[in-house]
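Q: Could you take a close look at one part of this model with me? I would like a connected walk through the charged pairs and their surroundings.

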Amino acid sequence: MKTIIEPFRIKSVEPIRFTSEQERRALLEEAGHNVFLLKADDVTIDLLTDSGTSAMSAKQWAGIMEGDESYAGSRSFFRFENKVREITGMKYIIPTHQGRAAEKILATVMGGPGKFFVSNTHFDTTRGNIEFSGAEAFDFLTDEGKRPEVKAPFKGNMNVPALEAFIKEKGAKNIPLCLLTVTNNSGGGQPVSMQNVRETQAICRKYGIPFFIDACRFAENAWFIKTREKGYENKPVLEIAQEMFSYADGVTMSAKKDAFVNIGGFLALNDTELAEKSRNVLIVTEGFPTYGGLAGRDLEAIAQGLEEIVDEDYLRYRIRTIEYLGEKMTAAGVPFLEPAGGHAIYIDARRFVPNISPEHFPAQSVTAELYATGGVRAVEIGSVMFGKRDAAGKHIAPPMELVRMAIPRRVYTQSHMDYVAEVVEEVFQKRNELQGYKFTYEAPILRHFTARFAKLT
Ligand SMILES: *Cc1c(COP(=O)(O)O)cnc(C)c1O
């Protein structure tokens, strides 16, 4: 088979700044060893996130000029609405400024004390919005999804029996929403099978619980269904996505992922009363229903992006890119969450630096060294982000210590990926020299963004 090439030509470029290792070590020191506190200009390859970092197409940029900025009834809104409706089949399409604004609306109209939200894995902003309303959020991820070394095709699946047991325990009337995240971002970018979508929907229907999909990466998920689930080999990705949404009562989406835009999102749903309540919240928090929290040009770019994301030549290249980076990790012996996800490689820091205990932040140590060694910015998803303390102040580690390298869409080429693999390999070679870290500053909430560290000696 021939190389799967980038299915685009490059018309506009941005320079990358190169720095020496000595410079980077000084910059890292200044940033308190927290890569969130670096200046983006000092980063060579930025894999902090795939959110809002996509390269837009010539047609999307043309859409930016075409955008209709009318306050009400904008032409761009109708193009956006038609496109979202074509893919999701939903009756009511509500634009929001990003994914979390859609979540905020849902949590406002459905949440509150005494309510339990259920999911395969709630994304952190989703959980944040639910908990802010006074409700609680529970995850029911399939067991194999919790084991980084196990290779399975659909590690993002919902654990349906556990979900049903929970519904029986808490009572269906106290569960306002079941939200299935595809692909499962917090669980390693792992996909959910169509069969699992169907089974989850069936349980929700049995108990009368609304079933929604968090669709940030719906096209990447549909590609995995096409290539891994029997019966879907010959079905176009658009039809797979349409089938998936046909089981749902509603959809939330951050368009900053699978719509190739730098800002935007939406809430889409079928229920008239819920749509009315949601629009009322939208008007006070986001804006008039035909623009939400967006400009007309943003709506235009989203509509075009949604057209491009279901292109199978693109998806083949996209998923292959992550898999290619994964193969390089395997060849170098670097432990990572397998199989490769749809948008990122998650290095397993527990096995990478087993000598650093969770309370000394193994994934932070690897993240800092990736930057120092090669200017690659990844993100710590482990004890810094999710660690807690017990009453005695003792560290409670999360189940996994991961370093996520998220790949922005259409931004980096194959040689950039080769370079990233070389940097990871170099850090892996010197893994025995890596040291743990301790906090020198720690904020009371979301501490990973602003924390400062010192190296343990
Ligand atoms: C990014 C993301 C969100 C939140 O979207 P924002 O646009 O960042 O507000 C919600 N769910 C998942 C799965 C995500 O990846």
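What is the relative accessible area of Glu-149, and what does it make of the residue: buried, partly exposed or exposed?

A: Happy to! Please keep in mind that this is a predicted model. Glu-149 has a relative accessible area of 44%, so this residue is partly exposed. Its side chain meets that of Arg-147 in a salt bridge, with 3.8 Å from N to O. The cut-off for such a pair is 4 Å between the nitrogen and the carboxyl oxygen, so 3.8 Å falls within the limit. Arg-147 comes out at 47% relative accessibility and therefore also counts as partly exposed. As a general point, side chains of opposite charge can pair when their charged atoms come close.

This pair belongs to a wider set, since a search of the whole structure finds 35 salt bridges. Another one joins Glu-327 and Arg-320, where the N to O distance is 2.9 Å. Glu-327 is partly exposed because its relative accessibility is 42%, and Arg-320 is partly exposed as well, with a relative accessible area of 22%.

A third example is the salt bridge of Glu-442 with Arg-389, whose closest N and O atoms are 3.0 Å apart. Glu-442 sits in the loop between E15 and E16, while Arg-389 belongs to strand E12 (residues 388–389), so the pair ties together parts that are 53 residues apart in sequence. Glu-442 has 29% relative accessibility and so counts as partly exposed; for Arg-389 the relative accessible area is 46%, which means partly exposed too. Salt bridges can also link up through shared partners: Asp-50, Arg-217, Glu-220, Asp-258, Arg-318 and Arg-409 are joined into one network in this way.

The loop that holds Glu-442 is worth a second look. Leu-446 is also found there, between strand E15 (437–441) and strand E16 (452–455). At 53% relative accessibility, Leu-446 counts as exposed, because the limit for that class is over 50%. Together with Ile-445 and Phe-449, Leu-446 makes a nonpolar surface patch of about 330 Å².

For contrast, try Asn-184, placed in the loop between strand E5 (177–181) and helix H7 (194–207). Asn-184 counts as buried, because its relative accessibility is 0%. Leaving aside neighbours within four places in sequence, Asn-184 is in contact with Asn-120, Thr-121, Leu-141, Gly-156, Gly-189 and Gln-190.

Note on methods:
Residues are numbered from 1 along each chain as its sequence is written. This is a predicted model: local features need pLDDT of at least 70, side-chain atom pairs count only at pLDDT 80 or more; totals for chains, interfaces and linings use all residues. Side-chain values use heavy atoms; hydrogens and water are left out. Patches are made of residues with over 30% relative accessible area and no salt bridge: like charges are joined within 9 Å, nonpolar side chains (Val, Leu, Ile, Met, Phe, Trp, Tyr) within 5 Å. Accessible areas come from the Shrake-Rupley method with a 1.4 Å probe; for residues, only the protein chains shown count as cover. Helices (H or I, at least four residues) and strands (E, at least two) are DSSP runs, numbered from the N terminus. Buried means under 20% relative accessible area, exposed over 50%, partly exposed in between (1.4 Å probe, protein chains only). Contact means heavy atoms within 4.5 Å.
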